[in-house]
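Student: I have a structure open and would like to talk it through with you. Shall we take it chain by chain?

Tutor: Happy to. Let's have a look.

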Amino acid sequence: MKLVFHRPDHFRPTNRTSTYRPLPFRFMRWPGGEVLLTNDVGEFIFLPTDAFSAFAEQRLTNTCAVYAELKAKHFLHDSASTVPLQLLATKYRTKKSFLEGFTSLHMFVVTLRCDHSCPYCQVSRVNEDRTRFDMSIETADRSIELMFQSPSSALKVEFQGGESLLNFDLIKWIVNRVRERNKTEGRDIQFVVATNLAPLTDEILAFCADHGIYLSTSLDGPEFLHNRNRPRPGGNSHQVAIANLAKARTALGHDRVSALMTTTEASLRYPKEIIDEYVARGFDSIFLRALSPYGFAVRSRMAFRYETVQFVDFYNAGLDHIIELNRRGTPIIEVYTQLLLQKMLTPFATGYVDLQSPTGAGIAAVVYNYDGDVYASDEARMLAEMGDTSFRLGNVHQDSYASIFGGARLKAIVEGSCLETMPGCSECAFAPYCGADPVLNWATQGDPIGHRPTSAFCAKQMAVFRRLFDLLRNGDAFTRELLVRWATQVDTREAVA
Amino acid sequence: MIPLSAYGKAENIHGPIIGRVAFHGVEPSVRNDHVRVLRSSDRAADLCGYAAVLAEGYVTARELPLVHSVSVDHLGPGDVVAVDPRGHVRTLYRRASPHNSIFATDRCNSFCLMCSQPPKNVDDQWRVAEHLRLVDLIDPATTELGISGGEPALLKDGLIDIVARCKERLPQTALHILSNGRVFSYRRFAAKLGAVGHPDLMIGVPLYSDIDDRHDYVVQARGAFDETLIGLHNLGAAGVPVEIRVVVHALTWERLPQIAEFVYRNLTFASHVTFMGLEMMGFAVPNLELLWIDPWDYRDKLAEATLFFATRGVPVSVYNHQLCTVPETIWPYCRKSISDWKNEYVAACNGCEVREHCGGFFSSVANRRTSRHIQAMAADLTARTEC
Amino acid sequence: MTPGIEARDAESPVRSRTDGSIGLEIDREVFSLDALLRASYKFTDRCHVFIHIHETRTDRWLIVIRGKTADEHDVSDIAGDFSNELIDQQLRERLERQFGDVRTLIVAQAFAEGNLLDAAGADEDYVEDPSGIGRPRP
């Protein structure tokens, strides 16, 4: 055999004029003379303005430096091959894989009774007649029935309230019922109890230990802030929570108890203190959640927007402090940042139902209220308590699985929450990283589609994305590596409620 | 270099014979699977019924398939050899070695610039029968077995049969097939391989760029990049584990980080990625000027690409690089990967305190090029070589 | 000067109106209604946008932008941003024409069971090898 090796140009066109076509992308002008381009699967590239113009106007030559980057990242293709499209289709499917299995998070509101009276909660009833505001066994059974009609191979059962432990008997009933039923179903079941920890007893802990149940509690910050946000008789919510946190960790294991914070106006001044409290209490992650608009129905739109600007300051200061803590050897992750970075830096989907396109409300997560009403999300339930049932999908005693999960109400919600078709979002370069929340839009702007230019949520998201891109590009080596590790070394298929 | 071949004088051999090496007698019912080896010091023994006899000294026998006057020092008990009418004794399998590989076929549909086993355009489908016989004779306690070539997938259903035979006869043996993946762009072929259900199978597939024409140039075949990617996807869909192998040389080193990003984004199902040093055999020799770059000069890109995967929790390894030619940050990922039969060290390695962690060199390097940075390294580095 | 946006006087493409609003004339040959609406949408937080067909030159729109805050300087800035945004929206429309179909195909393929992109090739016989993938290098 004659040894003939061909030169590079045998394998590509030699002429310098490109015959490339752009693949689907979105762009955003960036300060400093650059343009950010993103594709549908979240790959991104920054181009200098003139390179972008050349690319968009088909003037880019295939020998120039950015051409290879654009081609490899699937922003352009230059042959008749369908392989780039097949790869994109596979990647797209992976990004939307949170849709697989349909509804996997099922929240059971076992009671509205609660000993706390947190101003940001609209649902709790203190000291009320227990039969009126507790879920009945019949309702629980019907809800379980519906839950198992979900095709999802993994089911997370989350007990909510009020204070769910005040109806611990029903929690036991549901856990046992679900486990019994699962003997034939064979799903991967996880139980979580959302609780303020105040009613915790040894009996409860023993049951949780036996059944591998996780606890999720509220910790809003150091004592002065937590107690201010979360009043209860005796004013000692923090003290009780911390004491019972220790008991719970001893009984169940350190990693079986997690905490969430709710950010209020008061919280906004104390990002460092809140984070330090989490570190002091032995948590290795914190979720700097945005301000909730619920429960402040009388506030004007502009006031909410102003607070959102303040939230961005809070978030930035918090993230800086967290990075600094990490630099000094304290590993603590900010969960929302981690979530966004997963979307930006990995090919994988994320399971956070409040930031998906289409929204996860109803299709990924569902709420069975104490009275049998079914809601697309916890926020939808809260709206109903305030008199607005726009996002009520049906009732477990009256409606079938098909009409609740396949009915017109849910379909309308889903159809109206695809970023790819929403004004202001469809062309936004951050679209692959963002999500739609029709319940939030409805509550704050009076319309499930929402109005982007006046949307506080949009303004907040944009500010956060800009910050993260800035850190990824201009942060020091430690920061950049920290953020990449947050994004990539986690089981991205875990649903985050 | 450990020899895998020996030549002697053949008698009564009319076609290829394969058997398991025995230095002592075995019972009559299994002699048909064995090749009896007679050292010069052995007394004549009962040689009836063996598949063949190898005699170190001069021996003659009527009707007995025999190769005499042949070197046997390199053989060990349990090895499998193939003997042919010309007196050529090929070692197909060495029981004492962790590096055994079935040479599937001489044919290949690529023509890589650095191919260490240049292809021959011959019809060697006959090899399938030999490979199946070999699998029957391999010790089931063998932990790992490779299949390479040429391009093993060109055996088509023959490869499927070999994998199925391995599943049946060697269920505890991890099977590692080296393939360019192109034939697996036929979906049904990949599905068929997946359907065999081998319990521990891995296909190692090379990728040399994130850009189609640059990969095609290295493998000297138009359309190869596309076919390989579709093949990889079909294997992934069929549930067949794959690993991506990147040979680092002058034509690939500059885009290593971009290749890493491409693999991470587009081949999420890959179980493992390896970055490999150039083996200066075969086509690499006439193409040396085109391919050679001192590894010390590409060390930063290699480290960047390796750590890209490590940071993301993707299993990654660096093969065929001496520890003194790469940054210490990636020492934990350097493996001792050169097959024992072609593994050596050079004079500069004397006194090197991390030698036992280092893979050394290919035997072929003796008269070729090595990095200007080869040097003995100081100790206290064991911690850095643990992953 | 930005093509399609006419200067009313030599120095400025933007016309100040007596009531403090800004007028922009947009060439309908260059900019589509869709691009105009998309650009206008982005400014509906800061200003009111009135879109008319020009009363005398029907090949143009007349866009009147009135700031929600009573600050004349603001409105001039907005007009400049508006013009740039309009160009970007027109570019997006052109790009969408180039790859809109491909996006539809990619999404369809992502959720399809079969191979929409290469239906014939997907089931070819690997033994016959009609694509010649297994052919040795000549």
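Student: Which domains does the domain assignment of chain B give?

Tutor: Keep in mind that this is a predicted model. The assignment for chain B comes from an automatic or database source. It gives domain 1 (5-93) and domain 2 (101-385).

Student: How many residues of domain 1 of chain B are in contact with domain 2 of chain B?

Tutor: The C-alpha centres of these two domains of chain B lie 34 Å apart. A contact here needs C-beta atoms within 7 Å. On the side of domain 2 of chain B, six residues take part, and on the side of domain 1 of chain B the number is 10.

Student: Which element gives the most to the side of domain 1 of chain B that touches domain 2 of chain B?

Tutor: Strand E3 (17-22), strand E7 (80-83) and strand E8 (88-93) of chain B each supply at least two residues to that side. By character, the residues of that side divide into six nonpolar, two polar and two charged. With three residues, the element that gives the most is E3(B).

Student: And where chain B touches chain A, how many residues does the contact take from each chain?

Tutor: The contact takes 24 residues from chain A and 23 residues from chain B. On chain B, helix H4 (212-219), helix H5 (224-237) and helix H6 (256-266) each give two or more residues. The chain B side divides into nine polar, seven nonpolar and seven charged residues. So, to restate the counts by chain, they are 23 from chain B and 24 from chain A.

Student: In what order do the elements of chain C run?

Tutor: Chain C has two helices and four strands. From the N terminus on, their order is β-β-α-β-β-α.

Terms used:
Residues numbered from 1 in each chain as written. Chains lettered and ligands numbered in written order. Predicted model: local features only at pLDDT ≥ 70, side-chain atom pairs only at ≥ 80, totals over all residues. Contact = placed C-beta atoms within 7 Å. Nonpolar A, V, L, I, M, F, W, Y, C, P; charged D, E, K, R; others polar.
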